[in-house]
Amino acid sequence: IYGYENEQLEIFEGSLAINEHFVDAWMETLTSHNRMAPFSTPSAPYQQALYNALKASTSEVTQQAVVFDDGVSFYGEIEAEMSVYKVKPVSFDVLFSGCLAVYFLFLSFVIQGVRGSIDGFKRFLNIGQKSKKRY
């Protein structure tokens, strides 16, 4: 029921009740096997177990082979090794960025002079203020 907040809702009772252990076991089984059609084989153990479980509950269970021929190529599972390396902490990057900023400011003062650098900084601030006024 959409939007129902109470977790104690029981639609079926007695022998028709939902068996949570059964559902949890199937969820664990299905999440531990590859179910993607190109990588699944008809003799996969979960498929036979699912067939037997459905056959025990209903008499109208049949297995049908479905051929996927859509021109898309799938490649098999790839075994890969993931490596994790310890790197320098972020404080190094912050310190390095600060040093670069000071270096570029120094170059600006040397090339443009103190007055030119201050004027350039004021123009930069005025451009930022003008763009804020438009919005």
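**Exercise 1. Which residues is H33 in contact with, leaving aside its neighbours within four places in sequence?**

This is a predicted model, where local features need pLDDT of at least 70, side-chain atom pairs count only at pLDDT 80 or more, and totals for chains, interfaces and linings use all residues. Residues are numbered from 1 along each chain as its sequence is written, and side-chain values use heavy atoms, with hydrogens and water left out.

Step 1. Place H33: this residue is in the loop between α1 and α2 (45–57). Helices (H or I, at least four residues) and strands (E, at least two) are DSSP runs, numbered from the N terminus.

Step 2. Apply the contact rule, heavy atoms within 4.5 Å. With neighbours within four places set aside, H33 touches P45 and Y46.

Step 3. Check the backbone: the C-alpha atoms of H33 and A44 are 8.8 Å apart, at eleven residues along the chain.

Step 4. Classify H33 by relative accessible area (buried under 20%, exposed over 50%, partly exposed in between; 1.4 Å probe, protein chains only). H33 is partly exposed because its value is 31%.

**Exercise 2. Test the length of helix α1 and find what caps its N-terminal end.**

Step 1. The expected span is 1.5 Å times one less than the number of residues. Helix α1 (residues 20–31) has twelve residues, so it should span 16 Å.

Step 2. The end C-alpha atoms of α1 are 16 Å apart, which agrees.

Step 3. The cap is N19, with a side-chain oxygen 3.1 Å from the backbone nitrogen of H21.

**Exercise 3. Is S117 buried or exposed, and what lies around it?**

Step 1. S117 belongs to helix α3 (residues 90–134).

Step 2. Its relative accessibility is 9%, so S117 counts as buried. Buried residues make up 5% of the 135 residues in the protein chain.

Step 3. A polar atom of the S117 side chain lies 3.0 Å from the backbone oxygen of G113. Beyond four places in sequence, S117 is in contact with S108, F109 and Q112.

**Exercise 4. Describe the nonpolar surface patch that includes Y4.**

Step 1. Y4 sits in the segment before α1 and, at 40% relative accessibility, counts as partly exposed.

Step 2. Y4, L9, I11, F12 and L16 form the patch, with about 540 Å² of accessible area together. Accessible areas come from the Shrake-Rupley method with a 1.4 Å probe; for residues, only the protein chains shown count as cover.

Step 3. For the protein chain, the accessible surface is about 13300 Å², of which 60% belongs to carbon and sulfur atoms.

Conventions. A polar contact is a pair of N or O atoms within 3.5 Å; within protein, one must be able to donate a hydrogen and the other to accept it, and residues adjacent in sequence count only if both atoms are side-chain atoms. Patches are made of residues with over 30% relative accessible area and no salt bridge: like charges are joined within 9 Å, nonpolar side chains (Val, Leu, Ile, Met, Phe, Trp, Tyr) within 5 Å. A salt bridge is a side-chain nitrogen of Lys or Arg within 4 Å of a carboxyl oxygen of Asp or Glu.
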